Amino acid sequence: MAEHLRLTGSALKNWFIAQSQDSLAVGVMWLIGLYVIGVPWAPFWALLAAVLQFVPQIGAVLGLVGPALAAAVRFRDWEHPLYVLILYAVIAMVDGFLLQPYLMKRTARVPMWASILAPLALGILWPFWGVLLAPPLLAVVYAYKRRQQTVKEVGDSESLGG
């Protein structure tokens with residue numbers, strides 16, 4: 001039992017590290033983009049977006065509302081909120097298709113294809129909770145898969161050598 005707890009805890013720690021790195025990178029992208037657009041309180045909105053990045057699917061959207069409203073109030077036009085929306089779309093695509101899969105592969109050792117497809121599949125099967133739990137669940141599943149491969153390799157080498 002202690003081995004299972006250690007393995008699961010280690011996998012979840014690696015997932016948390018990857019998610020924290022992802023949140024930091026998303027916050028930096030928001031900060032740079034909002035400064036370029038000229039949105040007031042850019043550091044606050046970037047920090048809020050980074051924190052909300054931990055909430056799957058709706059967190060990123062919630063991080064968009066504040067900067068879009070701030071741009072609308074400050075500039076009193078439709079163009080600057082549109083720029084914020086375009087910034088959101090670019091950040092969402094970079095994060096979803098490049099950054100998160102890369103970080104999950106590097107830190108939690110989850111293959112890129114799995115980190116893209118699993119939230120989609122689990123989201124269809126179990127709409128909100130499937131998407132929420134897919135990344136940490138993948139980290140745990142792949143930790144056990146690596147453990148099984150290690151045990152099998154050790155067993156194979158012992159049977160060949162003995």
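This is a short tour of a predicted model, one selection at a time.

**Before you start**

Residues are numbered from 1 along each chain as its sequence is written. In this predicted model, local features need pLDDT of at least 70, side-chain atom pairs count only at pLDDT 80 or more, and totals for chains, interfaces and linings use all residues, while side-chain values use heavy atoms, with hydrogens and water left out.

**Select the whole chain**

Show it as a cartoon. The chain has six helices and zero strands. Helices (H or I, at least four residues) and strands (E, at least two) are DSSP runs, numbered from the N terminus. Along the sequence the pattern reads α-α-α-α-α-α.

Now zoom out. The C-alpha atoms fill a box of roughly 80 × 30 × 25 Å along the principal axes. The chain has a radius of gyration of 20 Å, but a compact globule of 162 residues would have one near 15 Å. This radius is taken over C-alpha atoms, and the globule rule is 2.2 Å times the number of residues to the power 0.38.

**Color by pLDDT**

pLDDT is the predictor's confidence in each residue, from 0 to 100. The chain averages 90, and 98% of the residues score at least 70. Which element has the lowest mean pLDDT? Select residues 127-161: helix 6 has the lowest mean, 83, and helix 2 the highest, 97. Where pLDDT is low, the predicted coordinates should not be read in detail.

**Select helices 2 and 3**

Take residues 42-52 for helix 2 and residues 58-75 for helix 3. Their axes come within 8 Å and cross at roughly 165°. Axes are lines fitted to C-alpha atoms, for helices over the stretch in contact, and angles run from 0 to 180 degrees between N-to-C directions. Helix 2 and helix 3 are therefore roughly antiparallel (over 145 degrees; under 35 is roughly parallel, 65 to 115 roughly perpendicular, the rest oblique).

Show side chains. Trp45, Ala49 and Leu52 of helix 2 meet helix 3 residues including Gly59, Leu62 and Pro67. Contact means heavy atoms within 4.5 Å. The residues of this contact divide into seven nonpolar, three polar and no charged. Ala, Val, Leu, Ile, Met, Phe, Trp, Tyr, Cys and Pro count as nonpolar, Asp, Glu, Lys and Arg as charged, and the others, Gly among them, as polar.

**Add helix 4**

Helix 3 and helix 4 pack at about 160°, with axes 8 Å apart. They are therefore roughly antiparallel to each other. Helix 3 brings residues including Val61, Leu64 and Phe75; helix 4 brings His80, Pro81, Val84, Leu85 and Tyr88. This contact has twelve nonpolar, one polar and no charged residues.

**Finish at helices 4 and 5**

Select residues 79-108 and 112-125. Helix 4 and helix 5 pack at about 120°, with axes 8 Å apart. That makes helix 4 oblique to helix 5. Met112, Ser115 and Ile116 of helix 5 meet helix 4 residues, among them Phe97, Tyr102 and Lys105. The contact of helix 4 with helix 5 has seven nonpolar, two polar and one charged.
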